[in-house]
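Trainee: I should like to study a single part of this model closely rather than survey the whole. Please choose a suitable part and explain, step by step, how its elements are arranged.

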Amino acid sequence: MTARPIMITLLGKPGCHLCDDARAVIERVAGELGVPWEERDITRSEEDTRLYWEQIPVTLINGVQHDFWRVDENRLRAAVEKLRASR
């Protein structure tokens, strides 16, 4: 069985300066490790808005919440590398 690729997701909203900071960190880590990432605007989903409004930016790895408010570059890198090694 082939392992599902690792996916980093940034949940944020327009005009969020912390989201801008998080995006820069995620772009750098994803680029260095060669993993895809995506960004999702929570204002486009009532459920995302309800769940994450107080926490944005939120970082998910394969759909599981990893961080919120700030993205720690070293912690994100370590989590992706650990997930990759466990496959």
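Mentor: The link between C16 and C19 is right-handed, with 80 degrees about the S-S bond. The model is a predicted one, and in it the sulfur atoms of C16 and C19 lie 2.4 Å apart and form a disulfide. In general terms, such a link is a covalent bond between the sulfur atoms of two cysteines. The count for this model comes to 1 disulfide. Both C16 and C19 are buried.

Let us now turn to the sheet, which will be our main subject. The sheet is open and has 4 strands in the order β2-β1-β3-β4, with mixed pairing. Its edge strands are β2 (37-41) and β4 (64-68), each of which pairs on one side only. On average, neighbouring strands of this sheet are turned by 25 degrees against each other, direction ignored.

One pairing can be followed residue by residue. Strand β1, residues 8-12, runs parallel to β2, and the two share 5 bridges. Within this pairing, L10 of the one strand has E39 in β2 as its bridge partner, while L11 has R40.

Two helices pack on this sheet. Helix α1 (residues 17-33) touches β1, β2 and β3, and its direction makes about 170 degrees with that of β1. Helix α3 (residues 73-85) touches β1, β3 and β4, and its direction makes about 15 degrees with that of β3.

Helix α3 repays a closer look. With 13 residues at 1.5 Å a residue, α3 should span 18 Å, and because its end C-alpha atoms are indeed 18 Å apart, the expectation and the model agree. Which residues of α3 are buried? They are L76, R77 and V80. Seen down the axis of α3, these buried residues fall within an arc of 100 degrees, and therefore they line one face of the helix. The general rule behind such a face is that an α-helix has 3.6 residues a turn, so residues three or four places apart point the same way. The buried residues of α3 pack against β1, α1, β3 and β4. On the other side of α3, N74, K82 and A85 are exposed.

Strand β1 presents another pattern. Of its 5 residues, 5 are buried. In a regular strand, side chains alternate between the two faces of the sheet. In β1, I8, L10 and G12 belong to one side and T9 and L11 to the other, and since every one of them is buried, both faces of the strand are covered.

Next, consider two residues in the remaining strands. T59 is in strand β3, which covers residues 58-61. T59 has a relative accessible area of 0%; this is under 20%, and so T59 counts as buried. Beyond the residues up to four places away in sequence, T59 touches I8, T9, I26, V64, Q65, H66, D67, V71 and L76.

One of those contacts, H66, lies in strand β4. Is H66 buried or exposed? H66 is buried, because its relative accessible area of 14% is under 20%. Leaving aside neighbours within four places in sequence, H66 is in contact with T59, L60, I61, R75, L76 and A79. The C-alpha atom of H66 is 9.4 Å from that of I8, although 58 residues separate the two along the chain.

Finally, three points in the loops complete the picture. P57 is in the loop between α2 (46-52) and β3, and the peptide bond that leads from I56 to P57 is cis, with omega near 0 degrees. N62 is in the loop between β3 and β4. Its phi is positive, about 50 degrees, although N62 is not a glycine. N62 counts as buried, because its relative accessibility of 18% is under 20%. W69 lies in the loop between β4 and α3. Phi of W69 is also positive, near 65 degrees, and W69 is likewise a residue other than glycine. At 46% relative accessibility, W69 falls between the limits of 20% and 50%, and so W69 counts as partly exposed.

How values were computed: Residues are numbered from 1 along each chain as its sequence is written. This is a predicted model: local features need pLDDT of at least 70, side-chain atom pairs count only at pLDDT 80 or more; totals for chains, interfaces and linings use all residues. Side-chain values use heavy atoms; hydrogens and water are left out. A disulfide is a pair of cysteine sulfur atoms within 2.5 Å. Buried means under 20% relative accessible area, exposed over 50%, partly exposed in between (1.4 Å probe, protein chains only). Contact means heavy atoms within 4.5 Å. Two strands pair if DSSP finds at least two bridges between them. Axes are lines fitted to C-alpha atoms, for helices over the stretch in contact, and angles run from 0 to 180 degrees between N-to-C directions. The expected span of a helix is 1.5 Å times one less than its number of residues. The arc is that of the directions from the helix axis to the C-beta atoms.
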